[in-house]
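The following paragraphs consider how charged side chains pair in a protein model and how one of these pairs relates to a sheet. Please keep the sequence and the structure in view while reading.

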Amino acid sequence: PKAHQFSIKSFSSPTQCSHCTSLMVGLIRQGYACEVCSFACHVSCRESAPQVCPIPPEQSKRPLGVDVQRGIGTAYKGYVKVPKPTGVKKGWQRAYAVVCDCKLFLYDLPEGKSTQPGVVASQVLDLRDEEFSVSSVLASDVIHASRRDIPCIFRVTASLLGTPSKTSSLLILTENENEKRKWVGILEGLQSILHKNRLKNQVVHVPQEAYDSTLPLIKAVLSAAVIDGDRIVVGLEEGLYVIEVTRDVIVRVADYKKVYQIELAPKEKVAVLLCGRNHHVHLCPWSAFDGAESSADVKLPETKGCQLIAAATLRRSSSTCLFAAVKRLVLCYEVQRTRPFHRKVNEIVAPGTVQWMAALKDKLCVGYPSGFSLLSPQGDGQALTLVNPNDPSLTFLSQQSFDALCAVELKSEEYLLCFSHMGLYVDPQGRRSRMQELMWPAAPVACSCSPSHVTVYSEYGVDVFDVRTMEWVQTIGLRRIRPLSSDGALNLLSCEPPRLIYFKSKFAGTALNVPDTSDNSKKQMLRTRSKRRFVFKVPEEERLQQRREMLRDPELRSKMISNPTNFNHVAHMGPGDGMQ
């Protein structure tokens, strides 16, 4: 028998692995396909897949099924309908649904005759989610659906926010009632198997609302950072503010225009800002965070047109280093405690326009289209490219431009390089170290990383991958969310009203003490004696008005008056065991 002639292939619609039946998730280069027969499989399945070509007929007709121990495989798939983005009232649109690897994937189908969905998932729900549930619906649940559709609709629910606890539901319309029973049965069955085998969802981020969405500043936020457990700093279209989340005090620090990025140097107590119409870097002392009138702002004129800043402590130096990228040029500074807060150290040129940068040990790692390099901030030594031009398995990067998202240095002497279409593992010489690549379920719009996880933001939400094991460990269905800080701790959720979301992470540094928030609080930003300080609370008249209303309403009034505590039954009046 012949062996398969495998080559890496990019599939244009969701394709199943012929070996393990799971979907080959990803945007491009999702797996191997045989040039001769129809066999296609994951890169990770290649070794264990049967090598006989063409596939014996008894093997090619593998039924759908799930490996119960690991939860891997496709349990069910089919065409369904989901509500249009504006709601059930406007009607339903076709979608392709797959239950696979403990997740429910949905893919949009283009309008018209075509039945082939694209590879970008429009939604992913995790069956291992604590809040995951599936149920049929009643007419009262779907008031805008037509009568005859109701028996064919089921609802899937998953968690959205940790605090205040919120879930999101998705309605799915099937061809007929029998089909709906199948879907519900399979999802419920699979969920109970997962519980039985303790296949738990790993929670890396717990999304929490960081502050009341009624605060008018939130809708104009462009960037943010956590200062300490009780304070966050936010950069707006107009101005830089500090929010003391536990005390409801808001300080207008300075009148910068358009603050695009905020990086903190806690050692020197200096904030580094990228702001203004011309994208200049400004340095601002933390003393201004308390509302002190300070004219100590320093602008670095040579950073005009800067697209990205990074602050970090390198292994060799004791002070914080600041890097500012202007197209391909990277300006390196040392941050200082006193005015002018900086000393220029060096200028280095990156191989391409800098799209991402961070300090890794004593080097500066920069990402640019289709590549990453390690540069020396002191200017000694050669730039070390992490995509080796002599590695034939990486030549595809030079044939097309892939945006650089982020890079992570692993303990195993490896680097994970994340691009707009996939993630690659290389060794310190820039040669491929793992055949398998990280696959994104949908097109990334942003990305943040920690030494242990990569968090990828897409249209439908946030996906988290373990950098060591390559596992896709968490998915959060917050639509239209984007990071406000380079570490991804603070995020803006575009909804009505926009919300400031804090990702409480088990692995991150300073944890923010998130206050209780409410959607309909009557709080307002009120001025104080100092013209820079505001308090965010319910105005006095409004408070009195609320009290008056409470006293009018007997229900609420009885809540305000406590029940008697030493209540002895004195006598019984009325009919009973004989009149008393």
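In this predicted model, the structure contains 20 salt bridges. One of them links the side chains of Arg247 and Glu244, with an N to O distance of 2.4 Å. Arg247 is exposed, having a relative accessible area of 55%, whereas Glu244 counts as buried because its relative accessibility of 6% falls under the 20% limit.

A salt bridge within a helix is formed by Arg543 and Glu540, whose closest N and O atoms are 3.6 Å apart. Both residues belong to helix α4 (residues 540-552) and are three residues apart, about one turn of the helix. Arg543 is partly exposed at 41% relative accessibility, and Glu540 is partly exposed with a relative accessible area of 43%. Elsewhere, salt bridges with shared partners connect Arg29, Arg432 and Glu437 into one network.

The side chains of Glu409 and Lys361 also meet in a salt bridge, at 3.0 Å from N to O. Glu409 is located in strand β30 and Lys361 in the loop between β26 (356-360) and β27 (363-368), so this pair ties together parts that are 48 residues apart in sequence. Glu409 is partly exposed at 22% relative accessibility, as is Lys361 at 40%.

Strand β30 leads to an open sheet of three strands, ordered β30-β31-β32 with antiparallel pairing. Its edge strands are β30 (404-410) and β32 (423-426), each of which pairs on one side only. On average, neighbouring strands of the sheet are turned by 20° against each other, direction ignored. Six bridges join β30 to β31 (residues 414-419) in the antiparallel sense, and Glu409 stands opposite Tyr415 in β31.

Definitions and conventions. Residues numbered from 1 in each chain as written. Predicted model: local features only at pLDDT ≥ 70, side-chain atom pairs only at ≥ 80, totals over all residues. Heavy atoms only, no water. Pairing = 2+ DSSP bridges. Helix = DSSP H or I, 4+ residues; strand = E, 2+ residues; numbered from the N terminus. Axes fitted to C-alpha atoms, helices over the stretch in contact; angles between N-to-C directions. Salt bridge = Lys/Arg side-chain N within 4 Å of Asp/Glu carboxyl O. Buried < 20%, exposed > 50% of the residue type's maximum accessible area, 1.4 Å probe, protein only.
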